[in-house]
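Q: Could you take me through one part of this structure, step by step? I am new to this, so please explain the terms as you go.

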Amino acid sequence: MRIKSTMLATVAASAMTFAPMAMAAGNSANAHAHTPPTHAKAYGHYCQDQSKRHVAGEKGTPFSQCVAALKALDTGKQTNPAKACATASKKHVAGQKGTPYSDCVKAGAKLLAAKSA
């Protein structure tokens, strides 16, 4: 058991040492620049006002439901934001303006408007 933990520590230490060196060996001018893959979408930008807390009895968080709805809109599986956001809760949350459903529909409308522009 002691040998396994010693070997694991050695492997972890060497990985932590060599990974940054390998990255630095690449293009040093753009070492800190991060460009997302071409298939990456910024659905979270439109849903950033949604709560990331899990609600009991709901599947996922309001944020994840909004992101899933926007993905369906963007890929063409849905064309109507109201239908895409149908799984979102329509209950008011104390201290927040609107419902997760209404916020999702607004985000979907913004996505479609940006897509058509």
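A: Here is a close look at one helix and its surroundings. This is a predicted model, in which local features need pLDDT of at least 70, side-chain atom pairs count only at pLDDT 80 or more, and totals for chains, interfaces and linings use all residues. Residues are numbered from 1 along each chain as its sequence is written, and side-chain values use heavy atoms, with hydrogens and water left out.

Let's start with helix α5, residues 100-116 (a helix is a DSSP run of H or I with at least four residues, numbered from the N terminus). Its 17 residues reach 24 Å from first C-alpha to last, close to the 24 Å expected at 1.5 Å a residue (that is, 1.5 Å times one less than the number of residues).

Now for its two sides. The buried residues of α5 (buried means under 20% relative accessible area, exposed over 50%, partly exposed in between, with a 1.4 Å probe and protein chains only) are Pro 100, Tyr 101, Asp 103, Cys 104, Ala 107, Gly 108 and Leu 111. Seen down the helix axis, they fall within an arc of 160° (taken from the directions from the axis to the C-beta atoms), so they line one face of α5. On the other side, Lys 110 and Ser 116 are exposed. The cover over the buried residues includes α2, α3 and α4 (81-84).

One neighbour is worth a visit. Gln 50 sits in the loop between α2 (43-46) and α3 (62-75), and is buried, with a relative accessible area of 6%. Leaving aside residues up to four places away in sequence, Gln 50 touches Pro 62, Phe 63, Cys 66, Pro 100, Asp 103 and Cys 104 (contact means heavy atoms within 4.5 Å).

Terms used
Helix = DSSP H or I, 4+ residues; strand = E, 2+ residues; numbered from the N terminus.
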